[in-house]
Amino acid sequence: MSLISEIKYRLTVDVVGPSYLKWERRKMTKAIETFKPKNDYSAPPLKISAWTKELISKHYFRGRYVEGHEPVAWVTSGGPVEPLKALGYFVIYPENHAALSGARHAQLELMGEAEDAGYSRDICSYARTDIGAALSGKTPVGKLPKPDLLVACSNICQTVLYWYRVLEKHFNVPLVIIDTPFVYDEAPPHVIEYVQKQLENELIPTAERVAKKSFSEKKFKQVVQYSKEASELWLEVLNTGKNRPTPISIFDQFIHMAPIVEMRGDAITIDYYGAMLKELNERVKNGIGAINNEKKRLLWDNLPIWYKLRSFAEDLGKYGVTLPASTYTYAWGELAPMIDIDRGMESMARIYTYPILNRSTGHKLDTMRSMVKDFSMDGVILHSDRSCKPYSIGQMSQRSKLMDEFGVPALLLEADHNDPRAFSDEQAAQRMESFIEMLGVDDE
Amino acid sequence: MKKIKGDFMTIPKIPGRIETIKKFKESRGKIAAIFPIHYPRALFRAYNILPVEVWGPTGADTSYSTAYLQPYVCSIAQSALAYLLTGDLDITDIVVAPHTCDSLQGLGSILLDFIKPKQSVITIYYPRDKRDVDVEYLANEFKSVGEQLSKITGIKLTDKKLKEAIIREEEADDLLKQLYENKVYLDYNDTEFYKIIRAREYLPAEEFTIIANEALQNKTEKEKTGIPIIVTGIVPEPKGLLKVINELNGRIVADDFACCGRKLYVKGKSSNPYKYMAESLIFAVPDSSRENSINDRANYLVNLAKKYGAKGVLIYEVKFCEMELYYIPQVRERLKEEGLNSVIIEVDINDSLPHQTITRLEAFLEVIE
């Protein structure tokens, strides 16, 4: 890499791009401040949205130019990113990219590329979106950098491992698998030991070799500290939803969770969630809710339906129904208290083994019951997600238990997180309306 | 051993599952119903438990399972659960749910948390790579399973007894390999051949050994005729498939079915029996459920096709089987590079073989002929 090329790169990603995005953020902030909702039930948007957009854009902007300048790793959303950050990797989360494509309605074209190449419509729609992007080079973010390293962790599903095997073959780069056996009650010692050894003996040596750098324990601890602080703040952000009215709904959370997934371990993420918490606390103080006239509060279970975020928010908002929390967004915060800087990799092994998706169906039911109580929910919507079996299997029993044993109204909604072809608008609307009616609200 | 008359020749008389189970129970043994795919067979036998694999079965009334599992869960998981819920597995003492895929992992969890059947439920998580750390983990996982089996049976197992069970199972596995290696010379049609092979799913090793030895006697000088193909997938169900292939002048020369060919385990190296069993499983035939690389799986299929002179590959999958579906495009690409045609057929094991599928098979065989 020549000096000129490096200077050009630094100027582009550290000066020119960020300056432009900062200017864009200022413009957006002003627009938010003067924004008048088109209806009387929508509250003003969160001002932090301008910063969120800047952060995400900056990340993908850097990604356009990063190849050859910094090592690039593609990592699953629940993957152990801290050792990679400590080694200076630029990290891409294909699931986030797929979600972003879904939210921008660009996913169908990308899935089509994968399906044309022979990938079945019965595989995860995130995977199809990203495999399509990898095969075609198309993406709504301009350009995705090619990976130098792939890291797949089984703590969210087995699917990501097959998906990363496809990427491994396509890009012909090393793949490190971090296998986290499923947890029923407590992970036995041999499981934690297994995960820890994979981090220490597989991930770090491979990542060092690819990055041509040595792992620094000091830097790692710093990154873990940042991760912990950001995760704790994210948890505090989510817990503001316990207020009535809730200052934040899951529709905001799904958008604003991007940094905790994508930029976990960066100092800026702490500042960002600190600012977000401040804004939400202000809202609580002033009695500003995510919607005006909050009547009923529902818990959301499972991934979002990315291509329906806005319309769902509007459809529910007009009835005075808000969704203050979801088991999904909580997953990136609930384990924050478990992070123990002094216990290093052992602590990392534990954290990465315990996400909700890697735990039993009974544990998920317990989580839902606690959240219903803590957030004063009136009911639960369980998104039966065709593309996410580990999250969805068990929901039929969980719904029955919620209703029959705990008296919590619950709706099972069939959809797919990224594929609109597996979603029936009319059917969903009818089911949702009946459910809302059952909760005793109308749109008067 | 009595013989029965087959379509073209005689096959050894193979006792059915229920008959085998009853006989084993009479000898005070316990029965474990095993969901797909891998498990330490010798460990169960060492505790005087007969593992009986549950690959469906076809024809189960899945209206029972759909109260627990969404319709996008495969028919193998649906049927296994339906079979359990209708009481057809009441004869068993233990249900074993390996973490083969997201669906079976979920099923295991539902069993423990919500359904709570009268049988003891044991889960086994096997690793997704083949590094030293994976072997070490799996050995520990097997030890943990052994502790659970000890509680259920009251048996205190010694390494010596476990090693004896391993040797017994390996003898049966060696014969399974020999059956495959001699398949093209054995005078059985595919329905008959797979009846013998699949008896390994439930017969005690010592009984399978007798049947396999007898079957190997039925070897001819000349290779059987028909268009040679290999088949990859999960399970050769519905059974009509094998008959149709032969009727269309096709001939399976080797398979990569999860219930058959992927169970050709290798011998371990360690002197520790738990580690030995772990090595045996981890270094077996490449398998989607163990997340082996696409290159490993493609190479295996190409080599298999070359070894047995197959002209094409039938990719025969159960609908919604994600772990298999991810591999298909890149594996097919590799097969094509090697001059091997392939066709994909997806089935629900509870459906009969549709005419559309038969027509596709016919067209495929014509093309490769």
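Here is a short chat about how the labels on this two-chain predicted model are justified.

Modeller: Ground rules: this is a predicted model, so local features need pLDDT of at least 70 and side-chain atom pairs need pLDDT 80 or more, while totals for chains, interfaces and linings use all residues. Residues count from 1 along each chain as its sequence is written, chains are lettered from A and ligands numbered from 1 in the order written, and side-chain values use heavy atoms, with hydrogens and water left out.

Colleague: What makes up the secondary structure of chain A?

Modeller: Chain A has 19 helices and eight strands, where helices are DSSP runs of H or I with at least four residues and strands are runs of E with at least two, numbered from the N terminus.

Colleague: And why is chain A called as compact as a globular protein of its length?

Modeller: Its radius of gyration is 21 Å, close to the 22 Å from the globule rule for 444 residues, so the label fits. The radius is taken over C-alpha atoms, and the rule is 2.2 Å times the number of residues to the power 0.38. The C-alpha trace of chain A spans about 65 × 50 × 50 Å along its principal axes.

Colleague: What about chain B, with which helices and strands, and how does its radius of gyration sit against the rule?

Modeller: Chain B comes to 14 helices and ten strands. For its 369 residues the globule rule gives 21 Å and the radius of gyration is 20 Å, so chain B too is as compact as a globular protein of that length. Its C-alpha trace spans about 60 × 45 × 40 Å.

Colleague: How do you know what share of each chain is buried?

Modeller: Buried means under 20% relative accessible area, exposed means over 50%, and partly exposed lies in between (1.4 Å probe, protein chains only). By that cut-off, 61% of the 444 residues in chain A are buried, and 64% of the 369 in chain B.

Colleague: What makes chain A and chain B partners in contact?

Modeller: Contact means heavy atoms within 4.5 Å, and 51 residues of chain B are in contact with 52 residues of chain A. Together they bury about 4,500 Å², with 57% of it on carbon and sulfur atoms. Tyr72(B), Phe114(B) and Tyr326(B) supply 18% of the area that chain B buries against chain A, more than any other three residues. Buried area here is the accessible area (1.4 Å probe) that two parts lose on being put together, summed over both.

Colleague: Why is Ser376(A) called partly exposed?

Modeller: Its relative accessible area is 34%, so it falls between the two cut-offs. Ser376(A) sits in the loop between α16 (361-374) and β7 (379-385) of chain A, and has a positive phi near 50 degrees without being a glycine.

Colleague: And Lys116(B), buried or exposed?

Modeller: Exposed, because its relative accessibility is 57%, against the cut-off already given. Lys116(B) lies in the loop between α4 (102-115) and β6 (120-124) of chain B, with a positive phi of about 45 degrees.

Colleague: Why flag a positive phi or a cis bond at all?

Modeller: Because most residues other than glycine have a negative phi, and most peptide bonds are trans.

Colleague: Which residues does a cis bond join in chain B?

Modeller: Pro36(B) and Ile37(B) are joined by one, with omega about 5 degrees, and Glu237(B) and Pro238(B) by another, with omega about -5 degrees. Ile37(B) is in the loop between β3 (30-34) and α2 (41-46), while Pro238(B) is in the loop between β7 (227-233) and α9 (240-247).
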